[in-house]
Amino acid sequence: MSRAGQPAEASDLIDVDELIAAYYDKKPDAAVPEQRVAFGTSGHRGSSLSTSFNEDHILATTQAIVEYRAAQGITGPLFLGRDTHGLSRPAERTAIEVLVANGVDVRVDSRDSWVPTPALSHAILTYNAALRQAQGPDGQAQGPDAQAQGPDGQAQGPDGQAQGPDAQTQGPDAQAGLADGIVVTPSHNPPRDGGFKYNPPHGGPADTDATGWIADRANALIADGLAGVQRVRFADIAAGHVGSYDFREGYVGDLANIIDVEAIRKAGVRIGADPLGGASVEYWALIAERYGLDLTVVNPEVDPTWRFMTLDWDEKIRMDPSSPSAMASLVARRHDYDILTGNDADADRHGIVTPDAGLMSPNHYLAVAIDYLYAHRPGWREDAAVGKTLVSSMIIDKVVAALGRRLVEVPVGFKWFVPGLIDGSVAFGGEESAGASFLRTDGSVWTTDKDGILLCLLASEILAVTGKTPSQRYAELEAEYGASAYQRVDAPATPAQKAALGKLAPESVSATTLAGEEITAKLSHAPGNGAAIGGLKVQTAHAWFAARPSGTEDVYKLYAESLRGPEHLAEVQAEARAVVSEALGG
């Protein structure tokens with residue numbers, strides 16, 4: 001019998017001392033693919049126990065980031081934060097050793113505590129906005145979305161960064177003084193894992209040009225025995241050589257400019273917030289105090305073994321707030337509060353639990369959030385679009401059409417929303433994996449990384465303003481647009497098949513119908529920005545599927561949805577497997 005959703009037992013827990021000892025003792029071999037630095041959509045992740053996240057990885061990666069930011073002319077402070085994973089503090093200290101040795105103005109949390117990913121993004125953007133305002137419109141550094149200028153006056157790319165690590169720095173003022181950051185987190189991954197993510201001056205996830213160069217340089221440094229790494233022992237760092245920043249106060253004190261906290265307070269919404277043992281724990285406590293909310297931190301415990309979690313679908317401890325198994329303890333308490341919420345370890349993901357529906361599907365909540373926000377944010381631009389990943393629900397498309405807004409459909413990865421959030425042309429960006437962010441009430445940028453705390457608070461605002469829980473509003477949307485049946489499953493694929501799937505062209509699909517409906521589109525590039533999706537999407541009037549190769553396992557991910565119910569979804573999935581098999585030559 002599966003133990004998914006059951007409380008963790010002693011045998012499920014990591015040995016924290018063993019984990020940390022392995023971080024220092026095990027040395028990666030850059031010739032072994034599994035031991036190399038490799039950035040996915042959210043940084044480098046691995047475990048010290050499998051020699052994929054060790055001191056040498058962080059020494060080399062931090063040195064590579066130092067060299068990268070120098071090549072881009074980024075001379076401002078680097079904000080550094082960590083989550084509650086067991087490997088996060090050792091990795092943070094290793095990073096500080098390299099940053100200080102290289103003369104970087106590094107700023108850590110003033111309380112020596114945990115920093116959610118959205119708070120780090122918020123800090124970068126706040127610092128750079130203040131710098132832009134101080135320097136004025138006279139051609140000096142113009143903030144995180146400015147186009148960096150080379151000596152010949154040519155723009156160096158849409159995010160203000162030169163398009164190569166060895167590119168010429170773009171004059172004395174292009175990015176001089178701008179801040180960037182590192183957050184040490186593997187997000188919702190199991191307790192044995194560590195993660196290391198770089199956010200450039202635009203505040204969001206670094207693009208593949210940046211992460212590709214950083215990873216290549218880090219692996220070269222490891223292969224060379226770390227000969228090029230500058231380092232000073234943490235114990236030898238003198239007072240004053242590491243700066244500080246109050247991430248919590250900067251973030252929580254600004255929330256009234258994006259969430260109607262007064263409406264929540266007046267309505268008396270009873271909120272239960274579960275940080276799931278993550279970095280948001282002290283943020284929720286201050287939010288309750290600062291804004292006078294009826295908000296209870298239902299589990300304030302922080303423990304790197306996460307012994308208080310219920311097991312995920314695969315019987316592993318995983319802090320995924322979108323998983324019914326991982327959120328089982330909250331679902332059991334759904335009648336104790338008007339709104340119950342959960343966040344992952346770095347608080348960039350959200351989970352919404354209501355008394356009437358239990359845990360909401362991330363797709364359902366995204367649809368409700370969009371439906372509500374675009375009707376209750378008059379300060380947003382009238383032409384501000386809605387951003388979604390192309391594997392998110394069709395219900396979102398229908399909501400956006402009813403709002404009279406433009407839909408921007410992009411590949412998987414929050415980085416695609418960054419330019420639009422910065423200039424206000426996209427007011428909301430969301431992923432089907434329970435990650436989203438949106439603009440302040442005045443239409444200016446809030447964060448350019450996912451913000452789980454924000455989306456959790458929005459659920460209470462929706463209830464306070466409309467008198468309906470988000471799930472009650474979703475039931476109304478489904479009654480209007482059709483019942484969505486949505487699922488993602490993994491299917492085996494060889495490395496060769498994965499490579500072929502990632503390069504599929506629409507003409508590779510000979511089928512003209514899908515589950516009894518005419519195929520209306522075959523896509524290998526996202527319609528919102530023309531970027532390659534690394535796979536294939538096929539859609540009809542009432543259904544679609546998308547297939548993408550996994551970046552870490554020998555499987556491909558098959559996403560599918562039908563607005564005609566579960567039986568039709570099963571037909572879509574069966575035919576999708578046949579279509580993919582034929583396209584892969586099997």
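**View 1. The buried side of helix α1 in this predicted model.** Helix α1 runs over residues 16–25, and its buried residues are V16, L19, A22 and Y23. Why do they end up on the same side of α1? Because they cover an arc of only 130° around the axis. Look at what they pack against, and you'll find β2 (43–47), α2 (55–71) and α3 (88–101).

**View 2. The other side and the start of α1.** Turn your attention to the other side of the helix, and there are D17 and D25, both exposed. D17 also shows up at the start of α1: a side-chain oxygen of D15 comes to within 3.1 Å of the backbone nitrogen of D17.

**View 3. D274, a buried residue with no salt bridge.** This one sits in strand β8, which spans residues 271–274. The nearest side chain of opposite charge belongs to R333, and that's 7.1 Å away from D274. So what does D274 touch, leaving aside residues up to four places away in sequence? Its contacts are V298, N299, L330, T341, G342 and N343.

**View 4. Residues 139–172, where pLDDT is below 50.** For the protein as a whole, pLDDT averages 91, and 92% of the residues score at least 70. Over residues 139–172, though, the value drops below 50. The model still gives this stretch 77 contacts beyond near neighbours in sequence. Go easy on those, because predicted coordinates shouldn't be read in detail where pLDDT is low.

Note on methods
Residues are numbered from 1 along each chain as its sequence is written. This is a predicted model: local features need pLDDT of at least 70, side-chain atom pairs count only at pLDDT 80 or more; totals for chains, interfaces and linings use all residues. Side-chain values use heavy atoms; hydrogens and water are left out. Helices (H or I, at least four residues) and strands (E, at least two) are DSSP runs, numbered from the N terminus. Buried means under 20% relative accessible area, exposed over 50%, partly exposed in between (1.4 Å probe, protein chains only). Lys and Arg count as positive and Asp and Glu as negative; His and the chain ends are not counted. A salt bridge is a side-chain nitrogen of Lys or Arg within 4 Å of a carboxyl oxygen of Asp or Glu. Contact means heavy atoms within 4.5 Å. The arc is that of the directions from the helix axis to the C-beta atoms. A polar contact is a pair of N or O atoms within 3.5 Å; within protein, one must be able to donate a hydrogen and the other to accept it, and residues adjacent in sequence count only if both atoms are side-chain atoms. pLDDT is the predictor's confidence in each residue, from 0 to 100.
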